[in-house]
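Subject: Structure for your review

Dear colleague,

Please find below the structure that I am handing over to you. A short account of the findings follows it.

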Amino acid sequence: MMYDAEYFLRFVKIFAKYLEENREYLTQLDAAIGDGDHGINMDRGAKAALERLGTTNAGTPGAIMRTVGMALLSSVGGAAGPLYGTVFMRMSMAFRNKEKIDDKELVAGLEQALLGIKGLGKAEVGDKTMVDVWEPVVEFMKENIENGRTLPEICEDVIALAEESMKATIPLQARKGRASYLGERSIGHQDPGATSSYYFFRSLCEAIGGR
Ligand SMILES: Nc1ncnc2c1ncn2[C@@H]1O[C@H](COP(=O)(O)OP(=O)(O)OP(=O)(O)O)[C@@H](O)[C@H]1O
Ligand SMILES: [Mg+2]
């Protein structure tokens with residue numbers, strides 16, 4: 001399948017809708033082990049992104065990702081702003097000015113985004129961060145696409161794996177970010193960034209259906 005500008009606009013809109021609907025939930029998760037701003041941060045960033053997309057002429061997948069990345073970098077502070085900003089900027093760089101992206105190129109963009117997250121935040125799997133969702137999901141996608149399956153075929157599994165990986169952060173002790181200051185008291189809570197990352201992959205998949 002090929003992913004055009006329309007697809008990426010749908011993806012951003014669906015992601016923004018999840019962040020708006022789950023603003024309080026994400027904020028509660030962050031209140032338990034952080035400073036209670038993740039939902040507010042992400043919703044503000046997504047709204048800024050939609051506003052910019054409405055006023056600029058971003059006509060390619062790369063230009064759309066770049067517009068979103070810039071909006072996140074300039075409107076969201078803390079850890080999540082630069083981390084998610086990097087995600088979209090890296091995807092934009094990977095897509096360059098292609099009109100359409102195929103499954104392999106989409107996964108290559110996501111791989112670059114994961115490298116960006118890890119380069120910036122220095123977190124590894126098991127540290128109770130968004131990396132705990134990103135790494136297994138991107139690896140799963142890469143492996144399956146390389147073996148000739150298509151994203152639409154594996155999307156149900158992608159969503160299930162993202163959800164499972166998000167829930168698997170509950171028993172972990174945080175080793176990065178503000179939650180790490182809590183030490184053992186961070187155990188027993190789901191990581192907010194892993195949760196917003198689950199919405200990210202869910203949105204990527206749901207945008208295929210043209211919802
Ligand atoms: N070094 C890191 N690497 C990857 N992800 C991180 C890192 N630090 C924090 N995160 C993610 O960011 C989320 C918190 O985002 P939030 O929007 O609340 O920003 P923040 O309040 O500045 O973050 P924090 O309180 O963790 O410094 C965490 O749940 C985690 O998933
Ligand atoms: Mg926070």
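Which residues in α1 meet which residues in α3? In this predicted model, the α1 side of the contact consists of Leu9, Val12, Phe15, Ala16, Leu19 and Glu20. Facing them in α3 are Met42, Asp43, Ala46, Lys47, Ala49, Leu50 and Leu53. By class, the residues of this contact comprise ten nonpolar, no polar and three charged.

Two packed helices are described by the angle between their axes and by the distance between those axes. Helix α1 covers residues 5-21 and helix α3 covers residues 38-55; their packing angle is about 150 degrees, and their axes lie 9 Å apart. The crossing of α1 past α3 is left-handed.

Two residues of α1 also deserve attention in the nonpolar core. The largest such core contains 61 residues, and Val12 and Phe15 have the most contacts inside it. When neighbours within four places in sequence are left aside, the contacts of Val12 are Ala49, Leu53, Ile64 and Val68. In general, nonpolar side chains tend to be buried together in soluble globular proteins.

I turn next to ligand 1. There are 25 residues around ligand 1, and those that come nearest are Gly78, Gly121, Gly177, Arg178 and Gly193. The shell is made up of ten nonpolar, eight polar and seven charged residues. At least two shell residues come from each of α3, α5 (80-95), α6 (103-121) and α9 (192-206). Helix α9 gives the most, with three residues. Helix α3 thus appears in both parts of this account: it meets α1, and it supplies residues to the shell around ligand 1.

Yours faithfully,
A colleague

Technical notes
Residues numbered from 1 in each chain as written. Chains lettered and ligands numbered in written order. Predicted model: local features only at pLDDT ≥ 70, side-chain atom pairs only at ≥ 80, totals over all residues. Axes fitted to C-alpha atoms, helices over the stretch in contact; angles between N-to-C directions. Helix = DSSP H or I, 4+ residues; strand = E, 2+ residues; numbered from the N terminus. Left-handed = near helix turned anticlockwise from the far one by under 90°. Contact = placed C-beta atoms within 7 Å. Nonpolar A, V, L, I, M, F, W, Y, C, P; charged D, E, K, R; others polar. Near = placed C-beta within 6 Å. Core = buried A, V, L, I, M, F, W, Y, C linked by C-beta atoms within 7 Å. Buried ≥ 20, exposed ≤ 12 C-beta atoms within 10 Å, placed from the backbone.
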